[in-house]
Amino acid sequence: MSAKPIQILDTTLREGEQTPGVSFTIDQKVKIVEMLCDFGVDFIELGHPVVSHDVYNTIQKINKMNIAPQTVVHSRLKKSDIDDAISLDASWIGLFFDISTDRLSTKYGFNEEKSLSLINESILYAKKNGLKVRFTAEDASRTNLDYLLKMGEIVEKAGADRFGFADTVGILHPQSVSKVITKLVNHLHIPVHVHFHNDFGLATANAFQAVQSGASCVDVTINGLGERCGITSLAEITASLD
């Protein structure tokens, strides 16, 4: 068991709504936030404002509530997305970018250097406007480790407060998690967040191993809701860390 306190980020309001057939009303989202506050999570990810007016209005409403957990607004590496977070008086922004080499070329038409430049510029812009930044490397589990570490250095140097590692397609197992998270934690000076999908039924096991390897925060949802097979379950990981 890790000796340091482990933080929990609940993303039921964002990742949870990517579950087939799941869509919450604004009132339901407020109720979920109240329940998460009672449970004692450290962060609540509120959603991506650009997705819809309902998401934007939900974030606006929740950010006016007096709650203990810190709130995070999801954002692409686009000035307009970051401006949305600023307009919503967000304290934390969760910048994300798909970093695996194949995805860089097929999804964005970028090479590695161009992607690193965009990541750097976006973090600098968010920090300049007073936001705390968690940068999440999407598809990090299929990314060359040397490139991932180089990216981590640039993210940290740009001023990001947290580095997020996402096993976006749910392919890792605990032994591989141990190797990559240990490398990241030893290489960086900022806390490492982890986000594991449950495609092979290993999301909670991988999250637990990541904590053992030095990760500081685990992304979860209520009942493990999420895209495809879902992600790490709030109840499972908190019970195993107790």
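**Reading a barrel from the outside in**

Modeller: Let's start at the outside: the chain has an accessible surface of about 10,700 Å², and carbon and sulfur atoms own 50% of that. Keep in mind that this is a predicted model.

Colleague: Fine. What does the radius of gyration say about the chain?

Modeller: It comes to 17 Å, and the globule rule gives 18 Å for 242 residues, so the chain is as compact as a globular protein of that length. The C-alpha trace spans about 45 × 40 × 35 Å along its principal axes. Buried residues account for 51% of the chain. Now look at contacts between residues at least 6 apart in sequence: 75% of them link residues at least 24 apart.

Colleague: How many helices and strands does the chain have?

Modeller: There are 9 helices and 8 strands.

Colleague: And what do the 8 strands form?

Modeller: The general idea comes first: strands in a sheet pair through backbone hydrogen bonds, in either a parallel or an antiparallel sense. In this model the order is β1-β2-β3-β4-β5-β6-β7-β8, a closed barrel with parallel pairing. From one strand to the next the twist averages 25°. For one pair, take β1 (residues 7-10) and β2 (residues 43-47), which run parallel and are joined by 2 bridges. D10 has I44 in β2 as its bridge partner.

Colleague: Which strand pairs with β6 over 4 bridges?

Modeller: That's β5 (residues 132-138), again in the parallel sense. If you want a spot to click on, R134 sits opposite R162 of β6.

Colleague: How do I read the two faces of β6, and are they buried or exposed?

Modeller: In a regular strand, side chains alternate between the two faces of the sheet. Here R162, G164 and A166 are on one side of β6 and F163, F165 and D167 are on the other, and both sets are buried. That makes 6 of the 6 residues in 162-167, so β6 is largely enclosed by the rest of the structure.

Colleague: Which residues touch the most other members of the largest nonpolar core?

Modeller: Nonpolar side chains tend to be buried together in soluble globular proteins. The largest core in this model has 64 residues, and the best-connected ones are F135, M151, F163 and F165. Helix α6 (residues 145-158) supplies the largest share of that core, with 6 residues. Another core lies apart from it, with 5 residues including L9, F43, W92 and C217.

Colleague: What is F163 in contact with, beyond its neighbours within four places in sequence?

Modeller: Quite a list: F135, A137, L148, M151, G152, V155, L184, L188, I190, P191, V192 and H193.

Colleague: Let's try a helix residue. Where is I123 found?

Modeller: In helix α5 (residues 112-128). Its relative accessible area is 0%, and the buried cut-off is under 20%, so I123 is buried. Skipping residues up to four places away in sequence, I123 touches L95, V133, F135, V155, A158, G159 and A160. E156 is 33 residues from I123 along the chain, yet their C-alpha atoms are separated by 9.4 Å.

Colleague: One more: is T58 buried or exposed, and what does T58 touch?

Modeller: T58 belongs to helix α2 (residues 53-62), and with 1% relative accessibility T58 counts as buried. Not counting residues up to four places away in sequence, T58 touches I26 and K29.

Technical notes:
Residues numbered from 1 in each chain as written. Predicted model: local features only at pLDDT ≥ 70, side-chain atom pairs only at ≥ 80, totals over all residues. Heavy atoms only, no water. Core = buried A, V, L, I, M, F, W, Y, C linked by side-chain atoms within 4.5 Å. Buried < 20%, exposed > 50% of the residue type's maximum accessible area, 1.4 Å probe, protein only. Contact = heavy atoms within 4.5 Å. Pairing = 2+ DSSP bridges. Axes fitted to C-alpha atoms, helices over the stretch in contact; angles between N-to-C directions. Rg over C-alpha atoms; globule rule 2.2 N^0.38 Å. Areas by Shrake-Rupley, 256 points an atom, 1.4 Å probe, with all protein chains shown as cover.
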